[in-house]
Amino acid sequence: MSRTLDEVNREIARIRSLPYGVARTQAAELQARLVEAEGPDQARAYALSVLVESMVWAGEVDRAYLPFTQLVRWWDEHPEHFDEVDKHAMFWSFKWMVGHLGDFPSVPATQIGATLDDMERRYALAGLGRDAVAYSRFAWAARRGAPDVEDLYATWVATPRDEYSQCEVCDPGDRASYLFETGRTAEGVRLVEETLDRGLTCATEPADMLAGLALAYLDLGRPADAVRTHRRAVAALAETSSDMAAARGERIELLGRAGHPARVVRAVEQDQRLLTGADTPRARLDLLLGVVAGTAALLPAHADVAVRLADVPAATLGELHAWAAAQARTLAEAFDARNGSTRMAGKLADALATQGEPEPLDLDVVRLPAAPVEVGPGATAVAEPDGPAAAPVPTGGAPTDEPALARAERLLAAGDTEGAAQAYVEAAGQAEAAGLLVDAGYALAEAAACAQVLGDEDTSARLFERGAARLRAGGADPVDLVPVLVAWAPAAGTTGEVDPFLAAVDATRATLVEEPEADAAPEQAALAERRKGDRRRALADVDDAAARVLATTGGDERLQDAVVRAGRAAEAYAGVGAVADAAHAFWLAGRLLDSLDRTEDAAWHLESAVEGFGVARAREPRTQAADDLVALLRRTGHDDRAEEILRSLTR
């Protein structure tokens with residue numbers, strides 16, 4: 001029995017509500033095939049436009065060109081089957097094709113030019129505004145380094161905005177990028193500063209603008225502004241969902257120019273997937289250029305600094321620089337050959353010539369002096385993991401009677417995260433001097449969280465380690481210590497300082513497991529049961545956090561340990577009714593098992609994750625877990641089961 005138009009539209013709408021990825025794209029492909037074979041014809045435009053959108057934002061623009069041409073041909077043949085939403089989607093998709101096809105050097109310039117000409121003709125026939133066309137012509141010229149790019153830039157900037165213009169924050173971001181590239185740095189900085197003051201955001205902004213602005217400040221000799229902006233850029237990057245390869249490359253360049261080899265290594269290791277598997281060749285080239293620039297600024301002094309990369313044949317910064325330069329050169333030559341210019345070769349030459357600042361920039365959010373502190377009566381002195389206890393540090397400014405803790409909370413509420421971090425450290429020193437180790441521990445954990453937000457994972461990890469030590473020494477309830485350990489986990493994984501974290505986790509876990517369960521009086525039974533539930537939940541949280549840190553370290557032994565802990569966490573979460581958390585733990589275990597080539601176990605855990613997210617009505621993680629499961633099933637020859645999973649996502 002054929003489906004009605006409403007039934008098909010509802011199913012396509014469900015696909016469109018899914019997050020971008022393999023599962024959404026394959027579900028959209030399935031719907032497009034069904035509608036083409038079975039109808040109704042009125043749904044074909046919707047099915048094709050959702051397929052185009054899914055492929056574009058999943059990094060498959062080259063594949064999207066075929067359904068895009070089918071959509072345009074359907075419009076030419078049957079415009080009566082397009083409603084206003086379909087029509088808008090079709091015209092909007094021209095921007096994606098013109099803008100993103102240029103990211104593939106294998107796509108001929110003639111094809112892109114013809115698509116752009118067709119876009120301009122169709123927009124004119126439909127009576128649409130000219131801003132999207134003017135921007136697309138400028139962007140294609142800028143990408144190639146065409147001789148008329150400045151005229152096209154002026155035309156675009158002077159063209160009124162309309163309903164097909166890019167978003168209000170991307171617009172000035174793209175203008176500023178062009179100004180930076182053409183040497184008008186101060187003008188670009190003013191434009192970005194004005195835009196940031198408006199507080200507008202989108203999927204890629206303000207992360208893109210902030211990353212470029214930090215480098216621009218360095219170029220203008222404003223290192224303090226560069227450091228502050230870099231921290232904001234890192235925090236903004238953490239909130240984005242796309243690969244953001246160019247911004248991540250700019251982050252690596254800044255770290256290299258700032259004179260921080262360890263941070264460069266860590267940033268490259270974090271983003272190493274993009275070195276070989278970015279969404280597009282252009283995105284990969286953008287990241288490689290950042291790596292070339294960042295490492296060039298550190299050579300030859302730091303050539304022997306070790307790096308750990310899974311798919312790149314480089315064990316030191318010097319080897320990474322040579323590999324990245326060779327890879328970038330190959331891509332640059334391919335783009336320049338297609339574009340008929342030397343623009344990308346010039347960008348590579350600039351990256352290779354990058355030099356560091358005369359003195360390393362101070363990127364730490366707070367100061368952590370090692371001077372000892374007198375510990376108050378009745379308290380236990382705490383030995384630092386890397387030295388004596390931290391002394392209180394004044395936060396600067398006029399003297400005030402406001403307590404440091406209150407000042408920290410006021411600054412944090414006002415958005416001054418950096419000032420709040422320093423005030424929390426001061427509050428911790430004061431609390432420790434008074435013998436209040438638990439209070440000191442919590443203040444240090446708050447400072448660590450501030451440093452984490454600002455992208456200073458080194459300081460964050462040290463603060464969390466110190467804070468956890470004080471909480472334990474002060475006799476904090478282990479259930480209350482677990483949230484601090486969970487917050488510490490990302491910094492431990494990022495910095496590679498795993499052993500202190502695991503030691504704290506295992507000590508806390510042992511206390512939770514071994515704490516005796518006293519028989520409660522009937523009137524206290526409910527409280528005792530609640531306490532037992534809290535401990536079970538805390539055990540699940542601490543196992544899950546440890547599994548996620550271990551998963552970042554590599555090595556079969558540690559990955560096996562991560563699988564055990566993740567499985568234990570999943571069962572514990574399920575036991576306390578935390579279905580979504582159990583699903584996340586199953587998902588982690590499934591991915592790890594897949595990496596260990598235990599595909600049968602991996603499939604079971606991933607199916608458990610998909611099922612759990614379904615019960616919890618968590619659509620986005622369910623689809624993302626289904627991405628991994630579908631890929632595994634297809635890879636192992638279980639296509640029928642993969643089709644079942646895809647169909648289930650839209651039910």
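This report covers the nonpolar cores, the cysteines and one helix pair of a predicted model.

## Nonpolar cores

The largest nonpolar core has 89 residues. Which of its members touch the most others? They are Leu 463, Leu 485, Trp 488, Phe 501, Tyr 573, Phe 613 and Leu 629.

Another core lies apart from that one. This other core has 72 residues. Among them are Tyr 178, Ala 216, Leu 288 and Ala 314.

## Cysteines

How many disulfides does the structure hold? The number is 0. Take Cys 170, which is in no disulfide. Its nearest cysteine sulfur belongs to Cys 167 and is 3.3 Å away. A disulfide needs the two sulfur atoms within 2.5 Å, so this pair does not count as one.

Is Cys 170 buried or exposed? Cys 170 is buried, because its relative accessible area is 18% and the cut-off for buried is under 20%. Cys 450 is buried too, with a relative accessible area of 4%.

## A helix pair

Two packed helices are described by the angle between their axes and the distance between those axes. Here the pair is helix α17, residues 317-339, and helix α18, residues 343-352. They pack at an angle of about 160°. Their axes are 8 Å apart. Angles over 145 degrees count as roughly antiparallel, so α17 is roughly antiparallel to α18.

The crossing of α17 past α18 is right-handed. Which residues make the contact? From α17 come His 321, Ala 325, Ala 328, Arg 329, Ala 332, Phe 335 and Asp 336. From α18 come Arg 343, Met 344, Ala 345, Leu 348 and Leu 352.

Terms used:
Residues are numbered from 1 along each chain as its sequence is written. This is a predicted model: local features need pLDDT of at least 70, side-chain atom pairs count only at pLDDT 80 or more; totals for chains, interfaces and linings use all residues. Side-chain values use heavy atoms; hydrogens and water are left out. A nonpolar core is a set of buried Ala, Val, Leu, Ile, Met, Phe, Trp, Tyr and Cys residues joined through side-chain atoms within 4.5 Å. Buried means under 20% relative accessible area, exposed over 50%, partly exposed in between (1.4 Å probe, protein chains only). Axes are lines fitted to C-alpha atoms, for helices over the stretch in contact, and angles run from 0 to 180 degrees between N-to-C directions. Helices (H or I, at least four residues) and strands (E, at least two) are DSSP runs, numbered from the N terminus. Angles under 35 degrees count as roughly parallel, over 145 as roughly antiparallel, 65 to 115 as roughly perpendicular and the rest as oblique. A crossing is left-handed if the near helix is turned anticlockwise from the far one by less than a right angle, and right-handed if clockwise. Contact means heavy atoms within 4.5 Å.
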